[in-house]
Amino acid sequence: MKILKTNLSGILVIEPTIFYDDRGFFQETWNEKKFNEIIGRPIKFCQDNQSQSSKGVLRGLHYQHKNPQCKLVRVVKGSVLDVVVDIRKYSPTFGKYFKIILNDSNQKQLWIPEGFAHGFLTLTKKVDFLYKANKYYNSSDEECILWNDPFLHIDWELNGQNPNISLKDSKGKLFHSAKVFR
């Protein structure tokens with residue numbers, strides 16, 4: 001397993017060791033002991049989630065404010081442009097973002113600790129997206145920052161196309177009026 005730091009403190013890219021042979025491949029996708037050693041603290045995941053989306057779907061930028069979740073995300077089918085935004089008011093990278101392609105070929109995982117909004121754009125016909133969360137989803141605590149917020153100026157690489165977004169996500173808040181972590 002290879003761990004890559006990013007421009008946002010706490011965000012890690014995890015490249016698994018994959019064993020290939022003529023039958024296919026094998027990889028360990030989760031090991032609590034190794035993971036906790038990597039991030040330097042114990043994490044107990046309590047919820048696994050899966051979404052399936054068609055091409056051009058943009059989900060996010062989501063977070064929970066009062067009960068922030070840590071997430072470990074990956075793609076098992078298809079490809080996404082995954083984006084995290086630092087919403088930690090005290091952070092030197094507050095308001096900055098990190099983006100990465102996650103797909104079923106590179107098998108990379110992204111570790112997202114508390115204090116980040118998260119979203120992704122699907123790049124292929126069908127995407128199966130999986131993530132582990134350390135706190136239960138709470139719809140009354142969920143917040144959403146508008147995906148195309150002019151302050152964040154995220155390059156979603158849409159090439160003039162309009163993404164398919166939910167009604168809820170279309171009502172996301174501008175970054176400057178969003179609840180942030182202090």
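**Exercise 1.** Find how S7 and S10 pair in this predicted model. Which residue of S10 is the bridge partner of Val73?

*Solution.* Start by locating the two strands: S7 covers residues 71–77 and S10 covers residues 109–112. Next, look at how they pair: the sense is antiparallel, with four bridges. Now pick out Val73 and look across to S10, where its bridge partner is Leu110.

**Exercise 2.** Work out the strand order of the open sheet that holds S7 and S10. Which strands stand at its edges?

*Solution.* Write down the order of the six strands: S1-S2-S10-S7-S12-S5, with antiparallel pairing. The edges belong to S1 (2–5) and S5 (47–54). Each of these has a single partner strand, so one side of each has no neighbour in the sheet. Then check the twist: on average, neighbouring strands here are turned by 25 degrees against each other, direction ignored. Finally, add the helix. H1 (residues 32–39) lies across S1, S2, S7 and S10, and runs at about 145 degrees to S2 (12–15).

**Exercise 3.** Take S8, residues 79–86, and decide: are its faces covered or not? Which strands does S8 pair with?

*Solution.* Count first: eight of the eight residues in S8 are buried. Now split the strand into its two sides. One side has Ser79, Leu81, Val83 and Val85, the other has Val80, Asp82, Val84 and Asp86, and all of them are buried. So both faces are covered, going by the cut-off of under 20% relative accessible area for a buried residue.

On to the partners. Seven bridges link S8 to S9 (residues 97–103), and these two run antiparallel. For a landmark, find Leu81, which stands opposite Ile101 in S9. S8 also pairs with S11 (residues 116–122), again over seven bridges in the antiparallel sense. Here your landmark is Asp86, with Phe116 as its bridge partner in S11.

**Exercise 4.** Zoom in on His118: is it buried or exposed? What is the length of the polar contact that joins its side chain to Asp82?

*Solution.* Place the residue first: His118 lies in S11. Its relative accessible area is 6%, so His118 counts as buried. Now see what surrounds it. Beyond its neighbours within four places in sequence, His118 is in contact with several residues, including Arg59, His62, Lys71, Val73, Asp82 and Phe129. Asp82 deserves another look, as its side chain and that of His118 are joined by a polar contact of 2.9 Å. For a comparison, try Ile39: it sits 79 residues from His118 in sequence, and their C-alpha atoms are 19 Å apart.

Conventions
Residues are numbered from 1 along each chain as its sequence is written. This is a predicted model: local features need pLDDT of at least 70, side-chain atom pairs count only at pLDDT 80 or more; totals for chains, interfaces and linings use all residues. Side-chain values use heavy atoms; hydrogens and water are left out. Buried means under 20% relative accessible area, exposed over 50%, partly exposed in between (1.4 Å probe, protein chains only). Two strands pair if DSSP finds at least two bridges between them. Contact means heavy atoms within 4.5 Å. A polar contact is a pair of N or O atoms within 3.5 Å; within protein, one must be able to donate a hydrogen and the other to accept it, and residues adjacent in sequence count only if both atoms are side-chain atoms. Axes are lines fitted to C-alpha atoms, for helices over the stretch in contact, and angles run from 0 to 180 degrees between N-to-C directions.
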